[in-house]
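I set out to record how the strands in this structure pair and how they are connected. The entries below follow the order in which I looked things up.

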Amino acid sequence: MTHLAKFGSIDQTQDAGYFIRFLDEATAQPSLQAYKQRLTELLALQPGGHVLDVGCGTGDDARVMATRVGRTGRVVGVDNSEAMIAEARRRAEAESLAIDYRVVNAMQLPFDDESFDATRADRSLMHVPDARQVLSEMQRVTKTGGRVGVFEVDFETLTIDADDRVLARKISHTWCDGFKNGWLGRRMPRLFAELGLCEVRVTPYVMILTPGMLLPLLGSATTELAVEKGVVTRAEAHAWLAHLDELQRTGRFFSTMTGYLIAGIRA
């Protein structure tokens, strides 16, 4: 699969720069900034509050939250990648922000019960072995009455304005079905309910994808997988990649994907 499918094992790829560049391009998009702002609002952060960011990546969101809780508050960002944590620390130091970044396995968070006023994860749980287990851990370390917020995408909602509908569906389904948590966005509300989180809110957000965001999903690696599985022929794979190039060259490229913001309160 593509590099993007290896977000859960970045340090093993020896190419952390690829993932950092992907995150930076995605974060810069207005359609992603909209849901990120709303996720922060739903956490109801207050000065002096303690908040945990699971799968913090380069720490962009942790730095925003640090301005909300102020110097009397505490922001902890965890990620399983040493390279990402190193980059997050570098960026926080550049802004003179005191954020506690740690390399951690989210399946077993190293924090006491009810340690945080709020916990959140943004497009992180799709990369873990067991999303329910990580959400359970997030709930455990959240104080009673505290907020838990998650944003996850659903890869089967991916759209692209392509000329060949049948071929586009074959390629997009190859990506979705080959990704271990391709339907996680639609399943998150159920997980919140199963774990007993209350006052759960679900809000869909449509993200507009740039070519740099789409190609890791539906580009050469996925077409090659589709060929290997017999979903498309080699000729169809070449035609698909040529069409993606044409869409970009002619200014006709348009692609979207839907994600779901789910927020609840620990009872």
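Entry 1. I began with strand 4 and strand 5 (residues 142–153), which pair in the parallel sense over six bridges. The model I am reading is a predicted one. For a register point I looked up D122, which stands opposite F151 in strand 5.

Entry 2. I then traced the connection between these two strands. Strand 4, helix 5 (residues 131–141) and strand 5 form a β-α-β unit, and its hand is right.

Entry 3. Is strand 4 enclosed or open to its surroundings? I found six of the seven residues of strand 4 (residues 116–122) buried, so the rest of the structure largely encloses this strand.

Entry 4. I next turned to the pairing of strand 4 with strand 1. The two run parallel and are joined by four bridges. Here V54 stands opposite A121 in strand 4.

Entry 5. Strand 1 (residues 50–54) also pairs with strand 2, in the parallel sense and over five bridges. I noted H50 opposite R74 in strand 2. Helix 3 (residues 60–69) completes a right-handed β-α-β unit with strand 1 and strand 2.

Entry 6. How many residues of strand 2 are buried? I counted five of the six in strand 2 (residues 74–79), and I recorded the strand as mostly covered.

Entry 7. Last, I examined strand 2 with strand 3 (residues 100–103), a parallel pair with four bridges. In strand 3, V103 is the bridge partner of D79. Strand 2, helix 4 (residues 82–94) and strand 3 make up a right-handed β-α-β unit.

Note on methods. Residues are numbered from 1 along each chain as its sequence is written. This is a predicted model: local features need pLDDT of at least 70, side-chain atom pairs count only at pLDDT 80 or more; totals for chains, interfaces and linings use all residues. Side-chain values use heavy atoms; hydrogens and water are left out. Buried means under 20% relative accessible area, exposed over 50%, partly exposed in between (1.4 Å probe, protein chains only). Two strands pair if DSSP finds at least two bridges between them. A crossover is right-handed if, with the strands pointing away from the viewer, the path from the first strand over the helix to the second runs clockwise.
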